[in-house]
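Trainee: I am new to this structure and would like a close look at a single part of it. Could you take me through one helix and its neighbours, slowly and in order?

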Amino acid sequence: MKANLNIDVNVKVKRRWIVRIGELSSRTGVSTRALRYYEEQGLIHSRRMPNGYRDYGPQTVEVVLFVQDLFAVGLPSRLLRDIIPCVAEGGTASPPEDLLARVTAVRDDLLQQEHRLRERRKTLDDYLAGRLLPSGAAAVHESHSV
């Protein structure tokens, strides 16, 4: 007689909170002061241990790096609070239309800033290559050649 084994491999494991604030700071390059601010703003979450230490989930490293990137492009923390649930832990939450509109406005502003920077860089390149003189230099150059 052949034995039939039905093994259930769907085991739920509690999420481990293993990252302390100092380690999180080291792994992300973000100061502990900034991490506390992120927590105050609701961008990251910790669990308090009986000894008062903060423990963070291992996914918090990626969340902090993501937050840093979005801060770098000028998104305010109030907007990040709405974005994080849409991308953290698999991004299961669908972003509401008003959030998409606000993020689109920030993206469009970044595109305008990029365009202005590109134009300024071109002006500097032209100046450095001798193709462009400062506006007052042409008048000075003409008066010396007369």
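Mentor: What follows is a walk around helix α3 and its packing partners, with a short look at the sheet and at helix α5 afterwards.

Please keep in mind from the start that this is a predicted model. In general, two packed helices are described by the angle between their axes and the distance between the axes, and I shall give both for each pair.

Let us begin with helix α4, which covers residues 77-87, and helix α3, which covers residues 60-72; their axes come within 11 Å and cross at roughly 140 degrees. An angle over 145 would count as roughly antiparallel, and α3 and α4 are therefore oblique to each other. In handedness, the crossing of α3 with α4 is right-handed. On the α3 side the contact is made by Val-63, Phe-66, Val-67, Leu-70 and Phe-71, while α4 contributes Ser-77, Leu-80, Ile-83, Ile-84 and Val-87. Sorted by class, the residues of this contact between α3 and α4 comprise 9 nonpolar and 1 polar, with no charged residues. As background to such lists, an α-helix has 3.6 residues a turn, so residues three or four places apart point the same way.

Next comes helix α1, residues 21-28, which packs with α3 at an angle of about 50 degrees, the two axes being 10 Å apart. That angle makes α1 oblique to α3, and the crossing of α1 and α3 is right-handed. Here Leu-24, Arg-27 and Thr-28 of α1 make the contact with Thr-60, Val-61, Val-64 and Leu-65 of α3. The contact of α1 with α3 divides into 4 nonpolar residues, 2 polar and 1 charged.

Helix α2, residues 32-40, packs with α3 at about 90 degrees, and the axes of α2 and α3 are 12 Å apart. That makes α2 roughly perpendicular to α3. In this pair, Leu-35, Tyr-37 and Tyr-38 of α2 meet Val-64, Val-67, Gln-68 and Phe-71 of α3. By class, the contact of α2 with α3 consists of 6 nonpolar residues and 1 polar one, and no charged residues.

Turning to the strands, an open sheet of 3 strands runs in the order β1-β3-β2, with antiparallel pairing. Its edge strands are β1, residues 19-20, and β2, residues 46-48, each of which pairs on one side only. Strand β3, residues 54-56, pairs with β1 in the antiparallel sense over 2 bridges, and Arg-20 stands opposite Asp-55 of β3.

Finally, helix α5, residues 97-128, has 32 residues and reaches 46 Å from its first C-alpha to its last, close to the 46 Å expected at 1.5 Å a residue. After α5 comes Gly-130, whose phi is positive, near 80 degrees.

Notes
Residues numbered from 1 in each chain as written. Predicted model: local features only at pLDDT ≥ 70, side-chain atom pairs only at ≥ 80, totals over all residues. Heavy atoms only, no water. Axes fitted to C-alpha atoms, helices over the stretch in contact; angles between N-to-C directions. Helix = DSSP H or I, 4+ residues; strand = E, 2+ residues; numbered from the N terminus. Parallel < 35°, antiparallel > 145°, perpendicular 65-115°, else oblique. Left-handed = near helix turned anticlockwise from the far one by under 90°. Contact = heavy atoms within 4.5 Å. Nonpolar A, V, L, I, M, F, W, Y, C, P; charged D, E, K, R; others polar. Expected span 1.5 Å × (residues − 1). Pairing = 2+ DSSP bridges.
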